[in-house]
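Could you look this one over with me before we talk? I've jotted down some points for someone seeing it fresh.

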Amino acid sequence: MRLSRLSIRTRLFFAISLLSVVAAVIGVIAFYTLARADRQIELLHSVSLAEVSRALELSQSTATLSKSAPFLLSLNPPFGISTETDEIYAAIARLEDMAQGDADLTLSVARMRAAVDDLVEIIPQQNRINRNIDAIDQALEVLLRRYRQWTTTRVATAYQRQAWAGLQQLAMEAVGTARANTLISIGEFRQRYTKIRADILAVATPVVADNVQEIDRTITRDDTLFNLVYRNLAISLDAENALFRIRTEAERINQLAAQKVTAARQRLEASQADTRARLALAQWVMLALMAISLVVAVVTAVFVSRYVVMNLHRIAQAMRRLAAGDRATRLERRLESDDEIGQLFSAFRIFRANALRLDRNSRLIRRQNTLFSRVFENITDGVVITAASGRILAQNRRTGDLLRLPETVTAPETVDDLLAQSPFSLRETAVTAAGYLEYESAAGHVLELRRSPFPDGGAVWLFSEVTERRLVDARLAEIQRVETLGKVTGEVAHDFGNILSTISGNLHLLESADAGAATGLRARIEDAVDLGVTLTERLLAFARKQHLEPQRTDIVDLLGAMRDLLEIALPENVALSVTTPKGPVWAMIDPGQLESAILNLCVNAGQAISGAGHIEISVQMADTGDIALAVADDGHGMPAEILRYATEPFFTARRDGGGTGLGLSMVDGFVHQSGGRLHIASEPDAGTTVTLFFPPVADVRPLPARHAGHAVVIDDDPKTLNAASTALRSLGFHVTTASDFASGQARLGVLPHPDLVLSDLKLDAQHSGWDLIRQALASHPKTLAIAMSTQLPATDNIPPADAHRFGRLAKPVDAQVLAQVLDTLLDPD
């Protein structure tokens with residue numbers, strides 16, 4: 001491979017790597033060699049010194065043993081022998097510690113220990129025998145003095161003198177035996193003693209015989225005198241043998257110590273020679289590597305200065321001319337290389353071509369920017385562009401016009417700031433299926449807000465005026481409601497036609513029937529009337545206009561009372577379980593209608609279970625604070641296309657085609673009329689769960705009459721109107737009522753200064769209570785206003801300046817809650 005095909009980075013990398021490797025190798029060699037030499041010298045010195053010290057200690061301990069062992073034989077007191085013996089054994093123990101790992105030295109020390117053990121064992125025996133011999137010798141000296149005295153001082157016969165001389169000779173032989181120092185002399189003394197004794201006893205009188213026996217007793221202790229002396233000489237020979245062994249092993253240990261000193265000196269000399277050779281070799285290797293690194297460094301420096309720097313200087317000059325606008329700048333094509341310099345030459349030519357292309361594109365972009373600016377400023381929609389942080393980057397003039405922003409508005413930072421300064425607020429149904437938001441002003445204008453995100457996190461926001469389109473949509477919704485009403489009317493007319501036909505036919509037959517038949521005909525007429533009443537109640541529930549009598553009801557207690565009825569209404573193969581809290585759960589609802597709704601849901605759940613199944617009724621507090629009453633079954637469930645129409649009137653999913661289709665719609669109407677909401681969760685073959693949410697009520701406490709003034713209550717529901725009026729009178733207000741929008745507007749126009757206006761938001765003839773509330777707040781600066789509804793909106797449709805005089809109240813009206821709202825308005829802190 002040609003060198004020019006390698007990149008400069010590769011070549012410099014190789015050169016620097018080679019220099020680094022050479023430097024590293026030099027360092028490693030130097031470090032390794034010096035460290036190894038240092039460790040070896042230190043190790044050898046430490047080992048040699050240790051071995052020399054160990055050899056000297058061996059010699060010293062051996063000399064101590066050689067001197068101490070013979071001294072034991074001259075010690076007579078037992079205490080002195082024990083002390084000296086301990087010192088000798090301590091010296092042997094030191095020798096044994098030093099001899100570990102050395103077989104020859106260990107053997108010599110073991111032999112020395114055995115010799116010392118023999119010597120220590122002999123000394124007590126020898127001392128005991130010497131004591132016995134000394135005692136016998138002293139006793140014999142006493143007998144000799146007695147016999148000498150008898151010979152010289154007594155007057156005796158020749159026989160007696162001869163006998164006393166014989167006894168004296170016998171005692172002297174015994175004394176000679178005690179003092180003999182050779183085995184031969186011991187034998188001679190013993191023979192003479194035996195012969196003299198026999199001669200004396202041959203002619204001895206009783207007195208002489210007694211003296212002979214006295215001498216026999218004197219020379220006998222642990223053993224006879226002859227045996228004691230013999231044993232003493234034998235023990236002395238063993239002691240001499242032990243001392244000889246100790247001296248022999250001591251000399252051998254000294255020889256071993258001298259050999260170790262000699263070996264240590266030889267190893268030290270060999271290690272020094274080896275270390276000098278290694279250091280010399282390392283020096284030559286490092287000199288060679290340093291020469292190589294110097295050559296590489298010189299070649300690299302020449303390459304960088306003559307090739308890299310020069311060509312970079314040419315490229316830099318050409319780039320400066322090109323940046324100054326000289327598009328005719330060129331580089332000579334003298335260099336044909338694939339390295340970075342060659343790539344820079346190619347990149348310059350490409351950059352020059354791109355610069356020419358960029359000039360053309362810049363002219364095109366300027367034309368496009370001009371076109372974009374014209375579109376951005378003249379489009380009928382408001383356009384706002386934001387960064388990823390939410391900060392507004394740009395907006396057209398149409399945005400301020402659509403949002404009705406005053407000319408003195410401060411520059412907004414975000415879209416939320418922009419909307420906050422406008423009179424628009426988010427509608428209740430702001431998020432639609434298409435993913436856009438709707439904002440509505442107090443004047444009824446509606447804006448549609450769409451957000452299109454950018455990949456970098458920013459976004460473009462489009463504000464569109466959709467007021468006219470919403471009016472058209474409302475008209476279409478009204479037409480759909482009329483169509484639905486026509487469908488309901490047709491179904492009801494058909495059902496009531498059947499009921500009336502039944503009544504008419506039975507009345508006609510009743511005219512000519514006898515008493516027995518008349519009873520059956522009247523029963524048929526009563527059944528038809530009951531059917532008509534039931535159908536009417538279901539229609540009222542669907543229309544959310546049925547007559548309810550809400551009262552403070554414990555749902556837990558109501559379920560406990562209904563359990564027997566529910567078990568009777570369900571099939572035998574369906575199990576029922578009820579899960580409720582331990583304490584009461586209070587809600588302001590009609591207990592009879594709640595029982596009917598629960599029974600209706602359980603019957604529907606039982607019909608959805610084809611075989612054995614289970615229904616669970618549970619009551620708990622939802623995360624929103626509402627009471628959640630759920631009826632769950634494990635039946636066949638409903639697909640999404642059926643679930644969508646589950647609460648519509650006259651829609652039934654019964655497989656047999658039976659049912660009126662008003663069951664769930666009646667329950668839905670009752671729940672919403674009670675201020676709650678209904679939720680259905682269902683999947684095919686996974687069961688259905690219907691949850692009724694009701695607002696809870698607090699404990700009822702008597703309210704003192706602590707307010708005064710004139711209150712106007714406006715509601716087209718007579719029952720709610722009466723409940724609200726009664727609650728305000730109990731609080732101390734003088735109350736004026738209005739049952740529709742027109743009379744409420746008239747009351748506000750006639751009264752000079754109402755202190756409180758309490759209005760429903762949905763009044764007759766599609767009128768809104770917001771208009772009456774805004775009228776009251778605008779006409780009377782000190783008037784307080786409260787909006788009440790079964791479904792309160794998310795935002796308040798009143799001017800922000802009047803927010804401190806406005807409150808909200810959920811229906812049905814509760815006196816406790818109404819008192820709390822009034823206290824908040826009168827004392828915000």
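Below are my numbered notes on a predicted model.

1. Let's begin with the salt bridges. The count for this model comes to nine. As background, side chains of opposite charge can pair when their charged atoms come close. I'll go through a few of the pairs rather than list every one.

2. Have a look at D760 and K811. Their side chains meet in a salt bridge, with 3.4 Å from N to O. D760 sits in strand 16 (residues 756-760), while K811 is in the loop between strand 18 (806-810) and helix 20 (815-826), so this pair ties together parts that are 51 residues apart in sequence. As for cover, D760 is buried and K811 is buried too. There's also a network here: D715, D760 and K811 are joined into one by salt bridges that share partners.

3. Next up is the salt bridge between D802 and R805, where the closest N and O atoms are 3.0 Å apart. Is this pair of residues, D802 and R805, buried or exposed? Both of them are buried.

4. The pair R450 and E448 is worth a look for its two partners. They form a salt bridge, and their closest N and O atoms are 2.9 Å apart. R450 has 35% relative accessibility, so this residue counts as partly exposed. E448, on the other hand, counts as buried because its relative accessibility is 2%.

5. Now for some strands. Strand 3 (residues 424-426) pairs with strand 4 (residues 437-441) in the antiparallel sense, over three bridges. If you want a spot to check on screen, S425 has E440 in strand 4 as its bridge partner.

6. Strand 4 also has a partner in strand 5 (residues 446-453): the two run antiparallel and are joined by four bridges. Here E438 is the one to click on, as its bridge partner in strand 5 is E448, the residue that forms a salt bridge with R450. Which kind of unit do strand 4 and strand 5 form? They make a hairpin, with four residues between the strands. In the turn, G444 has a positive phi of about 95 degrees.

7. On to the surface. A patch of positive charge is gathered there from R357, R360, R363, R366 and R367. Of these, R367 can be placed in helix 8 (residues 340-378). Its relative accessible area is 55%, so R367 is exposed.

8. There's a nonpolar patch on the surface as well, made by W284, L287 and M290 and covering about 390 Å². L287 belongs to helix 7 (residues 225-323). Why does L287 count as exposed? Because its relative accessible area is 51%, and the cut-off for exposed is over 50%.

9. Last, a small point about H767. You'll find this residue in the loop between strand 16 and helix 19 (769-779). With a relative accessible area of 33%, H767 is partly exposed. Its C-alpha atom is separated by 9.0 Å from that of D740, though the two residues are 27 apart along the chain. Strand 16 is also where D760 lies, if you want to go back to point 2 from here.

Technical notes: Residues numbered from 1 in each chain as written. Predicted model: local features only at pLDDT ≥ 70, side-chain atom pairs only at ≥ 80, totals over all residues. Heavy atoms only, no water. Salt bridge = Lys/Arg side-chain N within 4 Å of Asp/Glu carboxyl O. Buried < 20%, exposed > 50% of the residue type's maximum accessible area, 1.4 Å probe, protein only. Pairing = 2+ DSSP bridges. Patch = residues over 30% accessible without salt bridge, like charges linked within 9 Å, V, L, I, M, F, W, Y side chains within 5 Å. Areas by Shrake-Rupley, 256 points an atom, 1.4 Å probe, with all protein chains shown as cover. Lys, Arg positive; Asp, Glu negative; His and termini not counted. Charge placed at Lys NZ, Arg CZ, Asp CG, Glu CD.
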